[in-house]
Amino acid sequence: MNPSELQRFAVSNRFTRFPKSFSLRKKVPWWYKILDPRSRFIARWNRTFLYACIVALFLDPLYFYYPITGDKACMQTDWYLGVVVTFARTVADLFFLFHMVLKFRTAYVNPLTRVYGHKELVTDPHLIAKRYLKHDFIIDLLATLPLPQIVIWFVIPAVKGSTVAQGNHTISLIVLIQYVPRLFQIFPLQRRILKTSGLITKTALAGAVYNLCFYMLASHVLGASWYVSSIQRQFECWRITCRREMNRTHSPSCKPAYLDCNLLDDPARQAWFKRTSVLADCDALNDKNDFQFGMFSDAFTDHVSSSTFSQKYFYCLWWGLKNLTSYAQGLNTSTYVGETVFSSFICIAGSILFAHLIGNMQNYLQSSTARLEEWRLKQKDTEEWMNHRQLPPELQQRIRRFVQYKWLATRGVDEEAILRDLPIDLRRQIQRHLCLDIVRRVPFFGQMDDQLLDAICERLVASLNTKDTYIVREGDPVREMLFIIRGQLESSTTDGGRTGYYNSIILRPGDFCGEELLTWALMPTSNLSLPDSTRTVKTVTEVEAFALRAEDLKFVSNQFKRLHSKKLQHAFRYYSHQWRAWGAAFIQTAWRRYRKRKLTMELLQKENLYYTNIEQDDDEGEEQRVGGSSSSSGNRAQISTTVLASRFAANTRRGVAKKIAIPDSDSLKMPKMFKPTEPDFSTFQDEN
């Protein structure tokens, strides 16, 4: 395609829609990608490969149980065991092979950049391969090669004239040689895991089990080695006896091939077996024989070699565990050099491994009980201090109850210390997770926006209180607001010690106390002195709550003007127990004032009716006495009399009203209930 055609093609496909998976950047296949050694995948793979290595170390000694002997003075192989172990070993080798491939594609830190703390990664595949070939490639290759499988299924069948004994010696030697690089491959792997994650196991119990597995692995290897050594020791006795019978004086003569179970059906071998003394001379129960089995005699006296695989395996495991823990003190060795060397190795390995096991398990178990022991020491110090100060028994019991409750609630963990060591963003997220739902339960805070709630949650601290503890007393300065999570509080007031006045309520989860502090924080002209509490707050049960200190609340109120809105002001008045108590008292006072006025009006109406009747009676009597006076003079006298009577009645009513009101004022008067101090909201106008 020439340039002109290419340009036309581009113009014609200018508005062509490509699929979402289309990208101009060429995608790199996963097998060409360079992995970061600090990535999560590498961390998980290292841990998985560590467990695979431990399983492989358990599998390799199973080849030692490959030979079998019986009462026919011959040796044979357990082919079924060979197939099972070969399959399991091949699967384990695939893990080793994949680990080698990952090392070719895993970057490494440039050593020159470690001086400056930058730690740049080298991602060049050629440099990675060159470094790996120089350092760990040989050990990994020796640990990965399937040598036992090749020897068992290819080499031994291909060699003509090979016997079972020769194959047993070859397999045992190869397994021991390859066991060394596989064992030493674990140590750098553990260091890498500790460098990336900081620990091998997450719990103390898992750490103890991990160290116990290595001790059991050592017992497993020693038991399998003891079994294969006992088989070889018995075969050596048979070989020596057979060599003595390989002469013309003994008929039929012994051949080394007769010690192989493949010739059990050979007539010459059957004739030799009927007249040979190989079983009597190699009997471990006969102490008069010249050949001494020493520490391997238990394998034949207990018929271990002719038992099933499960019986044989667990007996050998028990033998290795017993002698490893007892430092080979119960072994009866002969003068054979191999026995003495093997016994010495068991003694040294047992002392080292047992000390390592006890030390590590003690560390792991102590880490799980360290806080409990610390709490016990603190409790002991508290008891000694209380006895030294001679505190009252009731006070001592309250202190013990608080220490016990704090331990059950926190398990000795200092949450504030943990949060202080974390970054600000993590602290904010943790506090939001712990406190946001609890703060939203408070109806007053449920009407705030998320930004204001985050600022409040960030400054909340945990508070624990036992039963019958006074949070604050009436008249004391309020230092914190308390938001209840669990438990109940009793909030009561006497209105400054007023006689005959008492108000009490129960605060439950979702309620709060210390609202005087919010009023104080919202005042722009608030001084340094804290507000006095108008209520006494006491715990009814064990209480777990979050506290908001005075300085934190003042900071939030200064930074977020949204807290000054009229909407929140009305919500605060509605949900505040102090305002509710004031409202109830105001209604009660208004009701009593109304009843008092109503009673006074009723008395006045009765008095008016009484004096009106008296005036009417006086007027009628006056008219009867005057009788025949003229109409003009009678009218003037009547008018003057009416004026004087009205003045007298008015004066009389005033005096009666005062006389009635004064004696009853003490019984009807309601002391004033002052309204709580209101903050000055004039500095901020609500946008709504």
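Start by selecting helix H5 and whatever packs against its buried residues: the cover includes helix H3 (79-104), helix H4 (125-135) and helix H7 (164-184). Contact here means heavy atoms within 4.5 Å. Helices (H or I, at least four residues) and strands (E, at least two) are DSSP runs, numbered from the N terminus.

Before going further, a word on what is on your screen: this is a predicted model, in which local features need pLDDT of at least 70 and side-chain atom pairs count only at pLDDT 80 or more, while totals for chains, interfaces and linings use all residues. Residues are numbered from 1 along each chain as its sequence is written, and side-chain values use heavy atoms, with hydrogens and water left out.

**Stop 1: helix H5**

Now colour residues 137-144, which make up H5, and pick out Phe137, Asp140, Ala143 and Thr144, which are buried. Buried means under 20% relative accessible area, exposed over 50%, and partly exposed in between (1.4 Å probe, protein chains only). Which side of H5 do they occupy? They share the same side, because they cover an arc of only 135 degrees around the axis. That arc is taken from the directions from the helix axis to the C-beta atoms.

**Stop 2: the annotated transmembrane regions**

Next, select residues 48-68, 80-102, 137-156, 168-187 and 208-228, which an unreviewed UniProt entry annotates as "transmembrane region". UniProt positions are given in the numbering used here, feature names are shortened, and annotations may be inferred rather than shown by experiment.

Two of these stretches are worth a look on their own. Residues 168-187 are 95% helix and 0% strand, and the C-alpha atoms at the ends of this stretch are 30 Å apart. Residues 208-228 are 100% helix and 0% strand, with end C-alpha atoms 31 Å apart.

**Stop 3: the disulfides**

Show the cysteine side chains. A disulfide is a covalent bond between the sulfur atoms of two cysteines. How many disulfides does the model have? Taking a disulfide as a pair of cysteine sulfur atoms within 2.5 Å, the count comes to 3. With bonded cysteines counted along the chain, their pattern is 1-5, 2-6, 3-4.

Zoom in on cysteine 74 and cysteine 261, joined with an S to S distance of 2.0 Å. This pair links distant parts of the chain, 187 residues apart: cysteine 74 lies in the loop between strand E1 (67-69) and strand E2 (75-77), and cysteine 261 in the loop between helix H9 (204-244) and helix H10 (267-275). The torsion about their S-S bond is about 90 degrees, so the disulfide is right-handed. Cysteine 74 is buried at 3% relative accessibility, and cysteine 261 is buried at 12%.

Move on to cysteine 237 and cysteine 282, where the S to S distance is 2.0 Å. Cysteine 237 sits in helix H9, while cysteine 282 is in the loop between helix H11 (278-281) and helix H12 (298-301), 45 residues apart. Here the torsion is about -100 degrees, so this disulfide is left-handed. Both ends are hidden: cysteine 237 is buried at 2% relative accessibility, and cysteine 282 is buried at 6%.

The remaining pair to select is cysteine 242 and cysteine 254, with S to S at 1.8 Å. Cysteine 242 belongs to helix H9, and cysteine 254 to the loop between H9 and H10, 12 residues apart. This link is left-handed, with -100 degrees about the S-S bond. Cysteine 242 is buried at 3% relative accessibility, as is cysteine 254 at 2%.

While cysteines are on display, look at two more residues: cysteine 53 is buried at 1% relative accessibility, and cysteine 513 is buried at 6%.

**Stop 4: an open sheet**

Switch to a cartoon view and find the open sheet of 4 strands, ordered E6-E11-E8-E9 with antiparallel pairing. Two strands pair if DSSP finds at least two bridges between them. Which strands are at the edges? They are strand E6 (470-472) and strand E9 (503-507), each pairing on one side only. Strand E8 (residues 489-493) runs antiparallel to E9, and 5 bridges join them. Among the residues to click is leucine 489, whose bridge partner in E9 is leucine 507.

**Stop 5: helix H19**

Finish at residues 515-522, helix H19. Is this helix largely enclosed or open? Helix H19 is largely enclosed by the rest of the structure, because 8 of its 8 residues are buried. Select Glu515, Glu516, Leu517, Leu518, Thr519, Trp520, Ala521 and Leu522 to see them.
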